[in-house]
Amino acid sequence: MSLKLEPVLLIVTGAALVAGGVLWLIGATDLADLCWALGTLAAIGPAVGWVLAALRHGHAGVDLIAILALGGTLAVHEYLAGALIALMLATGRTLEAAAQRRATHDLRALLEHAPRTARRRTGTEVRTVPLAEIAVGDLLVVGPGEVVPVDGHVVEGPAVLDESVLTGESAPVEYGHGRSVRSGVVNAGGAFELRATATEQDSTYAEIVRLAQQAGAESAPVVRLADRYAAWFLPLTLAVAGLTWLISGSAVRAVAVLVVATPCPLLLAAPVAVVSGLSRASRLGVVVRDGGALENLGRARTLLLDKTGTLTRGRPHVLDVTGAPGWKPAEVLRLAASVDQYSPHVLAHAIVDAARERGLEPSVATDVSEEPGRGARATVEGHRLAVGRLDLGADREAWVRATRNRALLDGAAVAWLSVDGRPVGSVLLRDPLRHDAPRTLRRLRAAGIERLVMLTGDRPEPAREVAAVLGLDDVCAGLTPADKVAAVRTEGERAVTVMVGDGVNDAPALAAAHVGVAMGARGSTASSEAADVVLTTDRVDRLADAVAIAVRARRIAVQSALGGMLMSLAAMGAAAAGLLPPAAGALLQEAIDVAVILNALRALKIGQAAGPALEPATEALIHRFAAEHDDLQEVLEAVRAAADRLADDSGPKSLAAVAEAHRLLTERLLPHEYAEEHQLYPALASALGGPETTATMSRAHVEIERLARRIATHLALADTDTGVAPEQLDDLRACLYGLHTVLRLHFTQEEENYFSLAP
């Protein structure tokens, strides 16, 4: 049946009922009965079609009772009752059609991304040929920005590849000679040669397309909530109607039972609640494609999440900046940005953005060049600068080794700054957690999600660190798209499962899950089209909003349906006793319908607030202090750098570094903390429920100030000529490292608990 049938049927039955009513009022009762009978007949045909469709799926729907009631009213000449039932049936189906616009899992974006041709080298000649002609062993040329057409290994390189389409990881990866490369990834560097190891059909990207098509085709059809309740209500109704006819001998009484038993609470309550939930979700930037997806989302108990772009921001950010002895981190970042401002590399963008956020203006660079896999070079302020990889043998200095070790422990990438061939600093970059991720996962558990699992193509080490921070129940790392599909199906056997992702590599898993949720603001078109739910804003907290809305809408639908059926059961008893003729029963059913619809419309309301209601002035304060956090990263880096200097030397230069760190603390950080304590926290306390809600963070302010005073005392005791005294060294270093740790934790807690309230 076409979805266009429902609104047409609604118009026809409504017109028949109104026309019959007008004719009855003017005394033309025969014509009125004719109009009502025609309206009743108009509903029988579509209802039979819906019942047959339900039977093909192995279950008899609520429409079977409606057919019996429609036929019964015609048989006993209760045409008004039939017209009322026809209108209710059409109304319910129209609402359900609006609620269940099931999207086909369109894989157009997957297919559009796939290359159609490849450049094959034969001797000195390079020709573009259809991809289907590529055979194993062919030598291919992959140019800058091109998609790798088939699986193969690098012959002439190196190859710098953007693998985000497969793994979700945004940082390009370098592949040397002989390394295997998968199709579908993008060449982010210079041209390289590839020896094909698979044909088009046997390559990785073609397998992703097949997996998504397979997973979508195998997804089980959603059973209507109304039909689940009809499983017991239908036989009960038939039994009561049959016994009434058998005992009383009156067919009219039996029809009256069918009329009041016509499951309008089921036909109307569930669709109204679901449509209301869909409407409420759409206002928050959550597009739920059909009512079945909303019902399943409300029943979900397991949530599977991709890491990159879902739990993390999906783009690298500057974690820290370190400088060689004598170099300030801020100067290192400014010079690195001066070189990288002309680079298209994803890490370069992060470095330039960080410099601008901290108010550092890059200098003009000349003679700029970039070597894929090595980095960028330029002349800045009369010196030759390089940003990128470090030359072999340059890690003899202690600070370089310390930076490498820290990058390994933090799972960070490193961009080294060299001036005139000598390394002078480094920028550590990492894809950070979303500030709203911890709060979102807590809300999901509160909404009924019992199991949270990460599925990622990333390495195990960073994946496990993210899982530990967020308190996930399990983590599966290093997964291919096929592995993700297998994991989704395994979890789906235990409970209703939701999969959340944002990349092309997530599309098969989204299609395989009971409910697929795509981060659509920056995610791929393929993942959005394979999903049942799309978050149109780049905020993962909308996922918790969607689940909360789905749970509430489903609960209201169940309440309305059960309440309506209980009232219908009472009316069935009255009809069986002969107290309700069919027409009066139809009117009573109308009253029941109005009651359940009004109850179902409660799903439009917000319900329990997802977060505290903030005044505009409070939101402005949050945005102000969040921006100041970016500016204060320089202070944190100076504190860490001063502590590192003391580890190597306690002389006057190290003392000067401590003094500079203390100056930054006094002039910039402590005023920020004071303003938070006296402006932001009181404003938040009124919204969060009292001063106790910010007491822990206030205690951190006290500790930060205490450590700053302790550092000032050490500076007063130290000799500017000889540096820090041996008896001071351990405590001063502990103060600096401790202050750096406290500040990092304090900033993170504020960003997750407070700043995420006003993203």
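Leu294, Glu295, Leu297, Gly298 and Arg299 in helix H11 meet Ala546, Val547, Ala550, Val551, Ala553 and Arg554 in helix H21, and this is a convenient place to enter the structure, which is a predicted model. Sorted by character, the residues of the contact of H11 with H21 comprise seven nonpolar, one polar and three charged. The axes of H11, which spans residues 291-299, and H21 come within 7 Å and cross at roughly 100°. Since angles of 65 to 115 degrees count as roughly perpendicular, H11 is therefore roughly perpendicular to H21.

Helix H21, which runs over residues 541-576, also packs with helix H16, made up of residues 437-446, and here the two axes come within 8 Å while crossing at roughly 15°. Because an angle under 35 degrees counts as roughly parallel, H16 and H21 are described as roughly parallel to each other, and their crossing is left-handed. On the side of H16 the contact involves Thr440, Arg443 and Leu444, which meet Asp541, Leu543, Ala544, Asp545 and Val547 in H21. These residues of the contact of H16 with H21 divide into four nonpolar, one polar and three charged. Val547 of H21 is listed in the contact with H16 and in the contact with H11.

A further helix pair is found toward higher residue numbers, where helix H26 (residues 695-717) and helix H27 have axes that come within 10 Å and cross at roughly 155°. Because an angle over 145 degrees counts as roughly antiparallel, H26 is roughly antiparallel to H27, and the crossing of H26 and H27 is left-handed. From H26 the contact draws on residues including Met697, Ala700, Ile704, Leu707, Ile711, His714 and Leu717, and from H27 on residues including Gln728, Leu732, Cys735, Leu736, Leu739, Val742 and Leu743. Taken together, the residues of the contact of H26 with H27 divide into 12 nonpolar, six polar and three charged.

Within this pair, glutamine 728 can be followed individually: the residue lies in helix H27, which covers residues 726-753, and with a relative accessibility of 6% glutamine 728 counts as buried, because buried means under 20% relative accessible area. Once its neighbours within four places in sequence are set aside, glutamine 728 is in contact with His714, Leu717 and Ala718, and of these partners His714 and Leu717 belong to the H26 side of the helix contact.

Two aspartates deserve attention for their backbone conformation. Most residues other than glycine have a negative phi. Aspartate 367, although not a glycine, has a positive phi of about 50°; this residue lies in strand S13, residues 365-371, and is exposed, with a relative accessible area of 56%. Aspartate 420 likewise is not a glycine and has a positive phi of about 55°, but its setting is the loop between strand S16 (413-419) and strand S17 (422-430), and at 48% relative accessibility aspartate 420 counts as partly exposed.

These local features belong to a protein chain that has 27 helices and 22 strands. Buried residues make up 52% of the 759 residues in the chain. Among the contacts in the protein chain with a separation of 6 or more, 71% are accounted for by residues 24 or more positions apart. The accessible surface of the protein chain comes to about 31,800 Å², and 58% of that surface belongs to carbon and sulfur atoms.

Conventions
Residues are numbered from 1 along each chain as its sequence is written. This is a predicted model: local features need pLDDT of at least 70, side-chain atom pairs count only at pLDDT 80 or more; totals for chains, interfaces and linings use all residues. Side-chain values use heavy atoms; hydrogens and water are left out. Helices (H or I, at least four residues) and strands (E, at least two) are DSSP runs, numbered from the N terminus. Buried means under 20% relative accessible area, exposed over 50%, partly exposed in between (1.4 Å probe, protein chains only). Contact means heavy atoms within 4.5 Å. Accessible areas come from the Shrake-Rupley method with a 1.4 Å probe; for residues, only the protein chains shown count as cover. Axes are lines fitted to C-alpha atoms, for helices over the stretch in contact, and angles run from 0 to 180 degrees between N-to-C directions. A crossing is left-handed if the near helix is turned anticlockwise from the far one by less than a right angle, and right-handed if clockwise. Ala, Val, Leu, Ile, Met, Phe, Trp, Tyr, Cys and Pro count as nonpolar, Asp, Glu, Lys and Arg as charged, and the others, Gly among them, as polar.
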